[in-house]
Amino acid sequence: MYEVYLRSFADSDGDGIGDLGGLRERLPHLAELGVDAVWITPWYPSPMADGGYDVADYCAIDPRFGTLADADALLAEAHALGLRVVTDLVANHTSDQHPWFVAALAAGPGSPERARYFFREGQAGGEEPPNDWISAFGGRAWTRVVEPDGRPGQWYLHLFAPEQPDLDWGHPGVRDDVDGILRFWFDRGVDGIRVDAAPAMAKVAGLPDAGHGPEAAFESRAWVGNPHWDVDEVHEILRRWRRIGDSYEGDRLFVAEAVVNGPERLSRYVRPDEMHTSFNFDYLTCPWDAARLRAVIEATLAALEPVGAPATWVLSSHDETRHVTRFGRAWTGAAFGGAALPASPTHLALGLRRARAAALLTLALPGSSYIYQGEELGLPEVEDLPDEVLQDPTWARSGHTVRGRDGCRVPLPWQGDRPPFGFSAPGVQSWLPQPADWASSTVAAQRPDPGSTLTLYRTALRLRRSLRGTGMAWRPSARDVLAFDRGRALRCVANLGNLPVDLAGQGRVLLASSPFDGELPPDMAVWLLPDDPAAA
Ligand code: NOJ
């Protein structure tokens with residue numbers, strides 16, 4: 001699965017913002033890369049307070065991205081190339097510009113319009129928020145409104161930015177309307193839905209305090225029994241959606257974005273009548289450390305086995321510091337939630353070497369892999385964006401202390417020797433500036449180069465097809481080495497230690513993350529055709 005962050009993929013109309021026309025033109029790149037499907041981040045009309053995750057109309061396309069006719073054409077062209085299309089459903093919250101919220105504000109306290117959201121009276125005579133819940137982007141999860149009569153009045157809940165008011169999923173109209181939205185897109189031929197912020201959708205009745213102190217951070221992977229995250233009632237919503245997907249001919253995929261406390265909680269989202277798969281944030285955030293990675297891989301497979309769901313593996317996304325940059329730092333792990341860690345110096349050559357090894361490790365694992373656009377080019381995080389171009393709400397909400405996620409969202413370089421590198425027409429300024437030195441990273445520069453990261457991904461994705469249906473069996477190895485077989489088809493050996501690894505008698509080399517002779521050097525991985533495959 002290839003993640004398309006639409007506004008940074010390719011711009012066809014010269015406004016510096018990626019669009020459906022740009023994606024359509026570049027679909028052959030994705031087919032040639034060898035992915036099976038694309039997940040497109042929100043394409044709906046949006047004020048873009050959170051890059052489109054603030055939706056103002058769920059059944060239309062933002063004019064900056066194109067039209068419904070473009071979406072239809074994209075679906076047809078992708079299908080003709082053998083690519084499936086997964087779209088993003090943001091149903092925990094709408095935009096504050098959505099007609100439901102606009103009507104709720106206008107209708108005033110106690111109105112049926114307000115019942116679609118969480119409007120509550122404040123505490124301390126209205127001055128203080130209704131409870132202690134916090135926003136993922138920093139600060140309190142409540143904003144006070146000015147009532148139609150001009151006086152300060154009720155508060156509304158937003159677990160993300162104030163421009164993203166949370167819907168009350170206890171409201172039957174919300175449930176029915178979102179059913180209709182799902183059908184709207186499935187009827188048009190969308191093959192799957194990525195469910196945004198799935199664990200946020202249910203809240204404990206009565207909205208009790210969570211016990212967050214004044215300095216509390218949004219730590220969804222640490223929370224147990226939190227009243228606004230991973231509340232069990234969320235599964236009723238997911239089952240409802242699954243029934244809708246299953247009512248269609250052919251396959252319809254659901255993938256949940258569920259950042260929760262460990263594999264067991266995660267496995268609940270992929271029970272047989274819920275989502276088919278879920279992102280694996282434990283893998284995404286894991287440092288470049290063999291023992292930890294092995295523990296995450298084993299825990300993931302063990303938790304999913306009883307519910308019969310395939311695993312997923314992901315190294316980067318539009319929400320996380322790109323792994324080339326992370327893997328070159330002293331601390332190579334990630335903090336989900338938008339580059340929340342203060343940036344520390346990185347050694348990009350080391351990071352790229354490890355990222356290429358991580359690609360072979362990841363693509364050898366059983367289940368589905370998610371590739372974030374630009375990862376196949378080995379792009380680093382852009383850490384020196386000027387303050388004035390930053391758009392992620394995290395930047396403002398943190399009082400300009402956390403720069404947020406813009407550094408992984410810089411538009412892709414396609415060709416040429418200067419910005420906008422074929423992303424837009426020559427001379428156009430892209431919505432986030434690209435580094436001037438990306439000429440050797442472009443698709444056009446990497447395509448003919450047998451040693452490029454693009455060629456590595458293309459070859460790995462081609463070879464990976466033969467792994468379908470084979471299990472995984474670990475091989476004995478040193479502590480810093482991960483070695484396993486996928487049946488007779490493949491042995492993967494990844495060296496995360498400081499010493500070379502002897503590969504004598506292991507098999508014929510099919511693909512290596514970087515060139516080598518003899519022993520496998522540190523921070524490299526290799527795929528071999530095993531001489532003595534272990535039983536899977
Ligand atoms: C997860 C999305 O990936 C992220 O970009 C967004 O900010 C939040 N959900 C809120 O919708």
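**Talking through a predicted model**

Modeller: Let's start with Pro-413, which is buried at a relative accessible area of 0%. This is a predicted model, where local features need pLDDT of at least 70, side-chain atom pairs count only at pLDDT 80 or more, and totals for chains, interfaces and linings use all residues. Residues are numbered from 1 along each chain as its sequence is written, and side-chain values use heavy atoms, with hydrogens and water left out.

Biologist: Why is Pro-413 called buried?

Modeller: Buried means under 20% relative accessible area, exposed over 50%, and partly exposed in between (1.4 Å probe, protein chains only). Pro-413 has 0%, so buried it is.

Biologist: Where does Pro-413 lie, and what is it in contact with?

Modeller: Pro-413 sits in the loop between α11 and α12. Leaving aside neighbours within four places in sequence, its contacts (heavy atoms within 4.5 Å) include Leu-377, Leu-379, Phe-421, Trp-438 and Thr-442.

Biologist: What makes Thr-442 count as buried?

Modeller: Its relative accessibility is 2%, against a cut-off of under 20%, so Thr-442 passes. Thr-442 is found in the loop between α11 (393–397) and α12 (443–446). Beyond four places in sequence, Thr-442 touches Pro-413, Trp-414, Gln-415, Gly-416 and Phe-421.

Biologist: How far are Thr-442 and Pro-413 from Leu-454?

Modeller: C-alpha to C-alpha, Thr-442 and Leu-454 are separated by 9.5 Å, with their positions 12 residues apart along the chain. For Pro-413 and Leu-454, 41 residues apart along the chain, the separation is 13 Å.

Biologist: How do you know that Ala-473 counts as buried?

Modeller: Ala-473 comes out at 11% relative accessibility; the limit is under 20%, so it counts as buried. Ala-473 lies in strand β12 (residues 473–474), and its C-alpha is 9.4 Å from that of Arg-491, 18 residues away in sequence.

Biologist: Why is β9, residues 277–278, called a strand?

Modeller: Helices (H or I, at least four residues) and strands (E, at least two) are DSSP runs, numbered from the N terminus. Residues 277–278 make up β9, so the run meets the minimum of two. Thr-277 lies in that strand and is buried, at 5%. Among its contacts outside four places in sequence are Leu-253, Val-270, Pro-310 and Tyr-370.

Biologist: What makes a set of residues a nonpolar core?

Modeller: Its members are buried Ala, Val, Leu, Ile, Met, Phe, Trp, Tyr and Cys residues joined through side-chain atoms within 4.5 Å. The largest core has 156 residues, and Tyr-2, Leu-30, Trp-43 and Trp-241 touch the most other members. Helix α10 (residues 348–364) gives the largest share, 8 residues. A second, separate core of 9 residues includes Ala-483, Val-501, Leu-503 and Leu-528.

Biologist: What is Tyr-2 in contact with?

Modeller: Setting aside neighbours within four places, its partners include Leu-30, Trp-39, Ile-371 and Leu-412.

Biologist: Now the whole protein. How many helices and strands are there?

Modeller: There are 13 helices and 16 strands.

Biologist: Why is the protein called as compact as a globular protein of that length?

Modeller: Its radius of gyration is 23 Å, close to the 24 Å from the globule rule for 536 residues, so the description fits. The radius is taken over C-alpha atoms, and the rule is 2.2 Å times the number of residues to the power 0.38.

Biologist: How much of the protein is buried, and what share of contacts is long in sequence?

Modeller: Of the 536 residues, 59% count as buried. Among contacts between residues at least 6 apart in sequence, 66% join residues at least 24 apart.
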